[in-house]
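User: I am new to this structure and would like to understand the terms used to describe it. Please explain the grounds for each one.

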Amino acid sequence: MNSDLSSLRVRDIGEQGLLERLQRFCPPKIIGDDAAVLATKAEQYLVVTTDMLVDGVHFSDVTTSPEDAGWRAAAANLSDLAAMGAFPLGITVGLGLPGDVSVDWVERLYQGMTECLQKYHVPIVGGDIVRSPITTLAITAFGQVNPDFIIRRSSAQVGDAIVVTGIHGASRAGLELLLHPEIGQNIKTEEKAALIKAHQRPNPRLDILPILQKVLKSPCPIPVAGMDSSDGLADAVLQICRASKVGAIIEHKRIPMLSTLNQWVTAERILQYALYGGEDFELVLCLPPEPALALVQQLGAGAAIIGSITPGLTVILQYENEEIPDQVLSLSQGFQHF
């Protein structure tokens with residue numbers, strides 16, 4: 001780390017000086033005006049999403065480097081686009097900073113955002129910087145989607161299969177290892193690194209969209225319901241069911257969880273990580289059984305059909321062991337800001 005940069009504070013260079021430094025993370029042909037102009041393809045719909053992250057709530061120096069905070073911020077917004085079936089066009093970044101934040105920290109934050117965005121060829125096309133008592137990051141992401149392939153929470157139908165695109169619980173396990181390093185003393189180095197990476201550098205599942213479109217075969221008469229699992233698998237299923245006015249049965253034995261965690265975590269805690277841990281950024285999709293099975297087969301390891309949509313409004317976690325009573329899931333069991 002450059003000692004000159006680490007000692008240089010935002011207040012030392014001011015708004016214009018900081019903007020000049022951060023413009024190198026943006027395409028030169030797009031920035032410089034009052035707003036960005038983004039081209040969309042013909043007969044595509046524009047999709048817009050905003051996500052806010054606050055220091056001490058969504059990230060901290062204890063568990064997240066500036067680069068990782070930037071990566072996670074970008075990934076969260078790209079995941080929201082993927083959850084709508086949309087391909088990204090660009091993002092804008094709103095940044096609130098105390099004056100004593102180092103310039104180096106801000107540049108490293110943008111470096112992490114850029115590292116994530118470059119994987120998907122997504123530019124930073126603008127934003128705003130203000131003084132704030134708490135470091136706050138607000139990203140707005142823009143995408144485009146063919147109207148035949150829009151994914152909505154309200155489209156689930158009775159009889160639909162519930163598909164998850166990957167394993168759940170890894171991010172929460174990684175967070176626990178960062179918060180409590182002592183619990184990881186007997187875990188293999190590579191396993192520990194993989195869990196921590198799952199938390200610090202999650203991957204939005206934009207890769208799912210071309211596969212899903214191929215399975216559905218355009219034009220698509222079949223509505224697909226879905227959202228991402230950023231707030232937990234249980235939350236995603238419950239939100240979809242509430243929007244669609246349906247219920248669901250989730251089969252415990254079908255939930256893809258990390259079996260290796262049982263070396264240091266109880267089975268009950270592993271399930272809690274999967275259902276409520278959040279920040280796995282997988283997609284939870286509801287579609288008819290035949291295309292659901294085809295999708296899972298093409299996605300491969302980690303993807304699974306975990307249940308089905310039912311009449312009524314109740315979401316039930318069903319155990320294969322008849323001695324364990326089925327559990328009714330509710331939104332109050334997961335993370336809530338207030």
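Analyst: In this predicted model, strand 1 and strand 4 (residues 136-145) run antiparallel and are joined by ten bridges. Across this pairing, Leu53 stands opposite Leu137 in strand 4.

User: How do you know that strand 1 and strand 4 count as paired?

Analyst: Pairing requires at least two bridges between two strands. Ten bridges join strand 1 to strand 4, so the pair meets that requirement.

User: What makes strand 1 and strand 3 edge strands?

Analyst: The four strands form an open sheet with mixed pairing, in the order 1-4-2-3. Strand 1 (45-54) and strand 3 (124-131) each pair on one side only. Neighbouring strands of this sheet are turned by 15° against each other on average, direction ignored.

User: Which helix packs on the sheet, and which strands does that helix touch?

Analyst: Helix 2 (residues 10-22) does, touching strand 2 (87-97) and strand 3. The direction of helix 2 makes about 170° with that of strand 3.

User: Why is helix 8 called oblique to helix 9?

Analyst: Helix 8 (residues 233-244) and helix 9 (residues 267-276) pack at an angle of about 45°, with their axes 4 Å apart. Angles under 35 degrees count as roughly parallel, and 65 to 115 as roughly perpendicular. The angle of about 45° belongs to neither range, nor is it over 145, and therefore helix 8 is oblique to helix 9.

User: Which residues meet there?

Analyst: Leu233, Ala234 and Asp235 in helix 8 meet Ala274, Leu275 and Tyr276 in helix 9. By class, this contact has five nonpolar, no polar and one charged residues.

Note on methods. Residues are numbered from 1 along each chain as its sequence is written. This is a predicted model: local features need pLDDT of at least 70, side-chain atom pairs count only at pLDDT 80 or more; totals for chains, interfaces and linings use all residues. Side-chain values use heavy atoms; hydrogens and water are left out. Axes are lines fitted to C-alpha atoms, for helices over the stretch in contact, and angles run from 0 to 180 degrees between N-to-C directions. Helices (H or I, at least four residues) and strands (E, at least two) are DSSP runs, numbered from the N terminus. Contact means heavy atoms within 4.5 Å. Ala, Val, Leu, Ile, Met, Phe, Trp, Tyr, Cys and Pro count as nonpolar, Asp, Glu, Lys and Arg as charged, and the others, Gly among them, as polar.
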